[in-house]
Amino acid sequence: DISRFEQRLSAGKQLIEQKKTISSIQLFYKEEFNKERIEEFLKRADGLGKLSDIYLLPANFGKKNGLRIVYGAYPSIEIARSAIKDLPARYLEAFATSIYIF
């Protein structure tokens, strides 16, 4: 049984490998992360019906293997920017979102 963490990490890697210019809404990133806490976040996203919109992207911060948590995959920066207003209210309140470009 694959964890939500592994599922969304795999989806994130597939997104990166597409080699298309894609924008996403970065919710947050962690230079060092606790897999269990990320799993809890994903569980809540699943409860909101938003799990398939969340992607986990491996990220290196110096010598640390971090994680970038992004929402959605959009064909342009403009579309990603306009989609921010459609995020769940909980995300708008909790995160200082930014646009992340692949």
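**Exercise 1. Work out which elements build the lining of the largest pocket in this predicted model, and what kinds of residues sit there.**

Solution, step by step:

1. Start with the elements: β1 (23-30) and α2 (35-47) each put at least two residues into the lining of the largest pocket.
2. Now see who gives the largest share: that's α2, with four residues.
3. Next, pull up the residues themselves. The lining is made of Phe28, Lys30, Glu32, Phe33, Asn34, Arg37, Ile38, Phe41, Arg44 and Phe95.
4. Sort them by type, and you get five nonpolar, four charged and one polar.
5. Finish with the volume, which comes out at about 170 Å³ for this pocket.

**Exercise 2. Decide whether Gln26 is buried or exposed, and find what its side chain pairs with.**

Solution, step by step:

1. Place the residue: Gln26 belongs to strand β1.
2. Check the accessibility. Gln26 has a relative accessible area of 9%, and the cut-off for buried is under 20%, so Gln26 is buried.
3. Look for a polar partner: the Gln26 side chain makes a polar contact with the side chain of Arg68, at 2.7 Å.
4. List the neighbours. Leaving out residues up to four places away in sequence, Gln26 touches Arg68, Ile69, Val70, Ala96, Thr97, Ser98 and Tyr100.

**Exercise 3. Describe the largest nonpolar core and say which elements feed it.**

Solution, step by step:

1. Begin with the count: the largest nonpolar core holds 22 residues.
2. Pick out its best-connected members. Those with the most contacts inside the core are Leu27, Phe41, Ile54, Leu56, Ile69 and Tyr91.
3. Map the core onto elements: α1 (4-17), β1, α2, β2 (54-61), β3 (64-74) and α3 (77-83) each give two or more residues.
4. Zoom in on one member. Tyr91 touches Leu27, Phe41, Ala45, Leu48, Lys50, Ile54 and Tyr71, not counting residues up to four places away in sequence.
5. Don't miss the other core: apart from the largest one lies a core of six residues, including Leu15, Ile22, Tyr55 and Val70.

**Exercise 4. Find out how accessible Gly72 is and what it touches.**

Solution, step by step:

1. Locate the residue: Gly72 is in strand β3.
2. Apply the same kind of check. Gly72 has 6% relative accessibility, so Gly72 counts as buried.
3. Gather contacts, again skipping residues up to four places away in sequence: Gly72 touches Ser23, Ser24, Asp53 and Tyr55.
4. Add a backbone distance. Gly72 and Ser82 are 10 residues apart along the chain, and their C-alpha atoms are separated by 12 Å.

Definitions and conventions
Residues numbered from 1 in each chain as written. Predicted model: local features only at pLDDT ≥ 70, side-chain atom pairs only at ≥ 80, totals over all residues. Heavy atoms only, no water. 1 Å grid on protein atoms, 1.4 Å probe; cavity = no way out; pocket = protein on both sides within 12 Å on 5 of 7 lines; lining within 4 Å. Points joined across faces, edges and corners; volume = space filled by probe spheres on them. Nonpolar A, V, L, I, M, F, W, Y, C, P; charged D, E, K, R; others polar. Buried < 20%, exposed > 50% of the residue type's maximum accessible area, 1.4 Å probe, protein only. Polar contact = N/O pair within 3.5 Å; in protein donor to acceptor, adjacent residues only side chain to side chain. Contact = heavy atoms within 4.5 Å. Core = buried A, V, L, I, M, F, W, Y, C linked by side-chain atoms within 4.5 Å.
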